[in-house]
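Morning, everyone. I have one model to walk through, and I'll start at the metal site.

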Amino acid sequence: MAHPFSAWPMAFVVTPSDGRDDRRWWGGCAWDSFGISAALGLDVRIDTACPNCGAQLALAIGPATPPPATLAVWFPKPADQWWDDVVGTCTMIRMFCDRSHVEEWSRREGQRGGQTVDAITVWRLSGPWYGDRLRPDYAAHTRDHNQTLLQQCGLVGDFWRLPRTRPAREPG
Ligand SMILES: [Zn+2]
């Protein structure tokens, strides 16, 4: 993985909205899938499935087009643990039909300690988090910079506190 891009088949498929553009990408998670659109500045369709009910989710989003308001994204563990297992964390950041499907699923699977965020919030975060990734002058964000990006999306509190020291690779 080179976030937000993945060379391995993952749970999300990202397709340009322009049918003449035959590129395709695997998105490692909901956050990465929005990030691919942000990094490329491209309107896309994201295909995935709700882990709770198996419903096919196909959403048309872009740098200026947010996802539907009902969709929810589940984060498995607090930000200071994301880098303990980057790939494992990433693949667990899944998209659900809505918040009630996250609750049903986590109850059934015995998942505790995660947090649910509106897909729109993750989409808003992915713009500044990944939007500069492919620029020639890209420089890795500092921890404080990324903490500010989380805060600007209302992701505050202990769960969203980034570790003081971290490897360069992104969990998203
Ligand atoms: Zn569902």
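Cys50 and His101 are both buried, where buried means under 20% relative accessible area, exposed over 50%, and partly exposed in between, with a 1.4 Å probe and protein chains only. One caution before I go on. This is a predicted model, so local features need pLDDT of at least 70, side-chain atom pairs count only at pLDDT 80 or more, and totals for chains, interfaces and linings use all residues. Residues are numbered from 1 along each chain as its sequence is written, and side-chain values use heavy atoms, with hydrogens and water left out.

Back to the zinc ion. Which residues are its protein donors? They are Cys50 (SG), Cys53 (SG), Cys97 (SG) and His101 (ND1), at 2.0 to 2.4 Å from the ion. Donors here are N, O and S atoms within 2.8 Å of the metal, or 3.2 Å for Na, K and Ca; water is not among the atoms, so sites may look incomplete. The donor spacing in sequence reads C-x2-C-x43-C-x3-H. Cys50 sits in the loop between β4 and β5, and His101 in helix α3 (residues 99–109), so this pair ties together parts that are 51 residues apart in sequence. Helices (H or I, at least four residues) and strands (E, at least two) are DSSP runs, numbered from the N terminus.

The geometry next. The angles among the four donor atoms run from 98 to 119°, and the site is tetrahedral. For four donors, that label requires all angles to lie between 85 and 135 degrees. The ideal for four tetrahedral donors is 109.5 degrees.

Now the strands on either side of that loop. β4 and β5 run antiparallel and are joined by six bridges. Two strands count as paired if DSSP finds at least two bridges between them. Asp47 stands opposite Ala58 in β5. The hairpin has six residues between the strands, and Gly54 there takes a positive phi near 80°. Look at the faces. In β4, Val44, Ile46 and Thr48 are on the covered face, while Arg45, Asp47 and Ala49 are on the uncovered one. In β5, the covered face holds Leu57, Leu59 and Ile61, and the uncovered face holds Gln56, Ala58 and Ala60.

Both strands belong to an open sheet of five, in the order β1-β3-β2-β4-β5, with antiparallel pairing. The edges are β1 (5–6) and β5 (56–61), each with a single partner strand, so one side of each is left without a neighbour in the sheet. β1 pairs with β3 (residues 25–27) over two bridges, in the antiparallel sense. Ser6 has Trp26 as its bridge partner in β3. β2 and β4 are antiparallel too, over four bridges. There, Thr15 stands opposite Arg45 in β4.

What lies across this sheet? Helix α1 (residues 30–40) lies across β1, β2 (12–16), β3, β4 (44–49) and β5, at about 140° to β3. Axes are lines fitted to C-alpha atoms, for helices over the stretch in contact, with angles from 0 to 180 degrees between N-to-C directions. Contact means heavy atoms within 4.5 Å. α1 is mostly covered, with ten of its eleven residues buried. Among them are Trp31, Phe34 and Ile36. Just after α1, Gly41 takes a positive phi of about 60°.

On to the second sheet. It is open, with three strands in the order β7-β6-β8 and antiparallel pairing. β7 (94–96) and β8 (115–118) are the edge strands, each pairing on one side only. The twist averages 35° from one strand to the next. Four bridges join β6 (residues 72–75) to β8, and Ala72 has Asp118 as its bridge partner there. Helix α4 (residues 119–130) lies across β6, β7 and β8, at about 80° to β8.

Two residues to finish. Is Thr89 buried or exposed? Thr89 is buried, with a relative accessible area of 1%. Its place is in helix α2 (residues 86–92). The Thr89 side chain reaches the backbone oxygen of Trp82 at 3.2 Å.

Asp80 lies in the loop between β6 and α2. Asp80 is partly exposed, at 43% relative accessible area. Leaving aside neighbours within four places in sequence, Asp80 is in contact with Arg161 and Pro163. The C-alpha atoms of Asp80 and Trp160 are separated by 7.6 Å, though the two are 80 residues apart along the chain.

Definitions and conventions:
Tetrahedral: all angles 85-135°; square planar, octahedral: opposite > 155°, others 65-115°. Polar contact = N/O pair within 3.5 Å; in protein donor to acceptor, adjacent residues only side chain to side chain.
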